[in-house]
Amino acid sequence: MADYRQMWTDLGMDLEKHDLLCEALPDAFAGVFLAQENRPEGMDYFNFVVAEIHGVRPAELVEHQKNGGKVFGTFCVYVPDEVVFAAGGIATGLCGGSQFWVPGGEKVLPANTCPLIKASVGARLDKTCPFFRIADMFIGETTCDGKKKAWEILNQDVPVYVMDLPQMKREKDIAAWEDEIRLFIQKIEAVTGNKITPQALADNIKLINAKRKALIRLYNTRKNTPVPISGKDALLITQIAFYDDPARFAAQTNALCEELEQRIARGEGVFPADAPRIMVTGSPMAIPNWKLHHIVETSGAAVVVEESCTGVRYFENLVDESPSTLEEQVRALAERYMKINCACFTPNTGRIDDILRLVKEYRVDGVIDCSLQFCELYSTEGYLVQQALKEAGIPVMHIETDYSEQDFEQIRTRVEAFLEMLGK
Ligand code: SF4
Ligand code: SF4
């Protein structure tokens with residue numbers, strides 16, 4: 001990585017501690033990603049983004065702030081990025097996916113909090129992630145209880161604005177989310193000092209839709225046998241989508257897709273045609289959480305789709321681009337975002353419909369339902385998910401894990417037994 005120490009110092013980071021993270025990441029990345037055979041050349045860009053993860057993009061965000069712009073950190077796929085960009089701001093995903101940050105979170109949170117929340121709080125309080133230092137404001141939401149309480153703790157250290165997400169999907173709930181988006185617009189306008197015009201919102205709805213379309217195109221390539229890209233690489237690209245510049249990200253992903261489509265035309269893939277095709281469903285896998293994918297794909301199977309917020313939940317369904325008034329645009333945003341099926345909703349049968357549909361679309365042989373430890377929402381909903389899959393005759397296994405490496409071999413043993421059971 002180039003030398004960004006001055007920038008990190010200016011951001012008030014704990015350089016000594018941060019060095020430990022910087023030392024560990026290259027080896028971890030090389031072991032999981034660079035060791036793969038026959039990777040697409042288009043992955044070079046994404047390799048570069050990870051190699052410079054605490055440098056290039058943070059420097060762009062700092063530059064944006066020097067020019068008077070604001071940066072907003074988000075933690076959930078319900079927060080409409082379109083609004084932030086329409087006000088001349090930049091939205092960047094902040095969810096923590098590393099065990100490195102967990103002890104920092106445990107200083108202020110109960111140990112039985114999910115690792116994603118602990119890592120996110122730890123990354124801020126320990127001063128070891130530039131993204132968490134740069135954001136002028138964090139945008140929280142009322143999804144799970146752990147997050148709701150974490151916002152109050154983080155708010156002592158950094159301004160946190162919380163969006164009140166309904167937990168049912170009746171018409172009055174969609175109308176309530178529409179109201180929340182209106183309030184969000186007012187807040188973002190106040191913080192940025194910029195008025196959101198219908199034209200600016202229309203332009204940015206197109207911008208974020210273009211990112212979604214690139215990801216849809218990428219995931220469509222994974223429907224082929226043999227699969228032209230590994231699940232690990234696809235997951236990495238989705239994780240990067242949360243914080244990269246949206247236009248550049250879409251261009252790079254589309255360029256990669258051209259290469260993948262050529263591979264498909266030639267019948268080339270990264271796994272043998274008879275490798276078991278696995279769907280991973282459940283809690284999000286924030287960067288750099290690659291554990292389960294790495295285990296599955298070094299056990300001879302291919303992960304072909306993720307039904308998660310670091311998967312299809314992030315990009316399926318486009319926002320309607322036809323409205324021209326602010327009122328209609330806000331309605332279109334509310335309708336699109338309320339189509340996401342997170343386990344914080346009740347009932348959440350739409351998620352089960354999605355899983356069964358994705359099994360068919362991606363010709364899935366088996367499903368791994370994976371929840372993060374202490375994620376009550378996805379662990380509890382796992383019962384209904386597994387029941388529906390069993391009724392449909394689809395093999396399924398449940399895994400509960402955290403960010404540590406302690407259960408790595410135990411999970412590998414269970415995954416291998418599951419793959420053997422698939423009999424491919
Ligand atoms: S799992 Fe639910 S709460 Fe978490 S990012 Fe996804 S939508 Fe938001
Ligand atoms: S993984 Fe589960 S517990 Fe953790 S933040 Fe997401 S919904 Fe909440």
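Met-279 stands opposite Val-367 in strand E7. I begin with this pair, in what is a predicted model, and work outwards from the strand that carries Met-279.

Strand E5 covers residues 277-282, and E7 covers residues 366-372. These two strands pair in the parallel sense, over 5 bridges. E5 is also joined to strand E6, residues 302-307, again by 5 bridges and with the strands running parallel. In that second pairing, Ile-278 has Val-303 of E6 as its bridge partner.

The connection from E5 to E6 deserves a remark. Together with helix H14, residues 291-297, the two strands make a β-α-β unit, and its hand is right-handed.

Is E5 enclosed or open to the surroundings? Because 6 of its 6 residues are buried, E5 is largely enclosed by the rest of the structure. The burial applies to both faces: one side presents Arg-277, Met-279 and Thr-281, the other Ile-278, Val-280 and Gly-282, and all of them are buried. I draw attention to Arg-277, a charged residue by class, which is among the buried positions.

I turn now to another sheet. Here 4 strands form an open sheet with parallel pairing, in the order E2-E1-E3-E4. Its edges are strand E2, at 90-93, and strand E4, at 160-163, each of which pairs on one side only. On average, neighbouring strands of this sheet are turned by 30° against each other, with direction ignored. As one pairing in detail, strand E1, residues 71-74, is joined to E2 by 4 parallel bridges, and Phe-72 has Ala-91 in E2 as its bridge partner.

Finally, the ligands. Which residues surround ligand 1? They are Cys-76, Val-77, Tyr-78, Thr-143, Cys-144, Pro-284, Cys-309, Ile-340, Cys-342 and Cys-344. By class, this shell has 9 nonpolar residues, 1 polar residue and no charged ones.

Around ligand 2 we find Cys-114, Leu-116, Ile-117, Thr-143, Cys-144, Gly-146, Lys-147, Ser-283, Leu-372, Cys-375, Leu-377 and Tyr-378. This shell divides into 8 nonpolar, 3 polar and 1 charged residues. Three helices each supply at least two residues to it: H7 (115-125), H9 (145-154) and H18 (376-391).

Two residues, Thr-143 and Cys-144, appear in both shells. The shell of ligand 2 also brings us back to the opening pair of strands, for it includes Leu-372, and residue 372 belongs to E7, the strand in which Val-367 stands opposite Met-279.

Definitions and conventions:
Residues numbered from 1 in each chain as written. Chains lettered and ligands numbered in written order. Predicted model: local features only at pLDDT ≥ 70, side-chain atom pairs only at ≥ 80, totals over all residues. Pairing = 2+ DSSP bridges. Axes fitted to C-alpha atoms, helices over the stretch in contact; angles between N-to-C directions. Near = placed C-beta within 6 Å. Buried ≥ 20, exposed ≤ 12 C-beta atoms within 10 Å, placed from the backbone. Right-handed = clockwise from strand over helix to strand, strands pointing away.
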